[in-house]
Amino acid sequence: MTERDRGLVRLALPSKGRMAEPSVKLLHDAGIAFEPNGRTLHTRCLDLDLELLFVRSDDIPVWTRDGGVDAGITGRNQAVEAGAELDELLALDFGYCRLAQAVPSEHPAMRPADLTGARIATSYEHTLARELDRLGIEARILPISGSVELAPRLHAADAVADLVSSGETLRQNGLREIGTLLESQAVLVARPGLDAAQRALVDDVVLLLGSVIAARPKRYLMLNARDETLDDVLALLPSLDAPTVLPLSRPGMHAVHAVIDAEDVVRLLGPLRAAGASSLLVMPIEHLIA
Ligand code: AMP
């Protein structure tokens with residue numbers, strides 16, 4: 001019986017590029033401990049039957065589909081571009097980008113459908129072909145591996161389809177966005193057909209990572225309030241569920257615990273204090289499973 005028969009899961013992580021550091025940080029924040037990989041391309045987790053492989057993010061869909069690894073972190077767009085049939089288990093809340101359709105500013109097109117018959121330059125030809133097909137647009141795809149924005153200026157193409165996050169590079173190159181073909185972010189994908197033991201381990205990883213992603217925009221607020229101010233203090237609190245209210249050992253006072261949005265902290269602290277709250281503590285939350 002091999003280790004993988006006993007449930008060992010191989011998880012591929014991006015070895016470099018913009019998704020490498022946030023992927024390792026996410027595992028680290030989830031408490032999935034492993035020896036720093038340094039220059040090695042694989043390492044074993046300390047508490048889980050998980051082997052980590054560090055490979056190029058655009059190779060991860062193919063490695064996962066073909067069984068070299070069982071799961072991986074990659075861009076949704078990279079999974080689509082590879083045409084790999086994979087289970088997308090979790091969106092990871094980083095690596096946001098979109099495949100934007102753009103034309104030179106003077107071009108009359110206002111939406112992707114206006115590009116029927118046009119030549120569209122892209123480095124993501126499979127994704128573009130799939131989306132054009134889905135939209136029923138017949139156009140010619142010009143596959144280019146880089147500097148796609150130059151193609152219209154050189155009259156090699158009428159339009160481009162490129163990955164952007166802000167869209168600034170397109171604007172700087174005199175291009176105007178007319179539509180989004182795909183919304184992407186980093187995702188955890190798995191090979192369909194994992195056995196029960198591997199699936200159970202992957203489900204644990206999904207729970208751990210998902211609980212970190214859910215916790216990041218939240219804060220744990222603790223405060224004390226005299227009983228006569230309690231209602232005013234509670235009225236200010238938006239909470240995940242209902243705030244916890246606990247009697248203090250000192251009579252006439254209660255402690256209030258609540259999960260709040262991190263972005264509400266600045267707005268809330270002053271009014272809470274003015275309403276009678278004291279001993280205010282705001283803490284990060286490591287995991288949140290609602
Ligand atoms: P990299 O290894 O840094 O080249 O990563 C490329 C991947 O990062 C893309 O396939 C996307 O999934 C993701 N990504 C996030 N933002 C952008 C962006 N502004 N341009 C290109 N790729 C992006």
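This section describes the ligand site of a predicted model and its place among the domains of the chain.

The chain is divided into three parts by the domain assignment: domain 1 spans 3-94 + 186-215, domain 2 covers 97-184, and domain 3 comprises 218-284. Between domain 1 and domain 3, the C-alpha centres are separated by 38 Å. The ligand lies between domain 1 and domain 2, because both of these domains give residues to the shell around the ligand.

The space that the ligand takes is the largest pocket. Two elements each give two or more residues to the surrounding shell, namely helix H3 (76-82) and strand E9 (159-164). In total, 14 residues surround the ligand, and the closest of them are Arg18, Asn77, Gln78, Tyr96 and Ser165. Classified by residue type, the shell consists of 5 nonpolar, 7 polar and 2 charged residues.

Polar contacts to the ligand involve both backbone and side-chain atoms of the protein. At Arg18, a polar backbone atom is placed 2.8 Å from an oxygen atom of the ligand. Tyr96 likewise contributes through its backbone, with an N or O atom 3.4 Å from a nitrogen atom of the ligand. Ser165, by contrast, contributes through its side chain, a polar atom of which lies 2.9 Å from a ligand nitrogen atom. On its own, the ligand has 490 Å² of accessible area, and the protein covers 77% of this area.

Conventions:
Residues numbered from 1 in each chain as written. Predicted model: local features only at pLDDT ≥ 70, side-chain atom pairs only at ≥ 80, totals over all residues. Heavy atoms only, no water. Near = heavy atom within 4 Å. Polar contact = N/O pair within 3.5 Å; in protein donor to acceptor, adjacent residues only side chain to side chain. Areas by Shrake-Rupley, 256 points an atom, 1.4 Å probe, with all protein chains shown as cover. 1 Å grid on protein atoms, 1.4 Å probe; cavity = no way out; pocket = protein on both sides within 12 Å on 5 of 7 lines; lining within 4 Å. Sits in = over half its atoms within 2 Å of the grid points. Helix = DSSP H or I, 4+ residues; strand = E, 2+ residues; numbered from the N terminus. Nonpolar A, V, L, I, M, F, W, Y, C, P; charged D, E, K, R; others polar. Domains from an automatic or database assignment.
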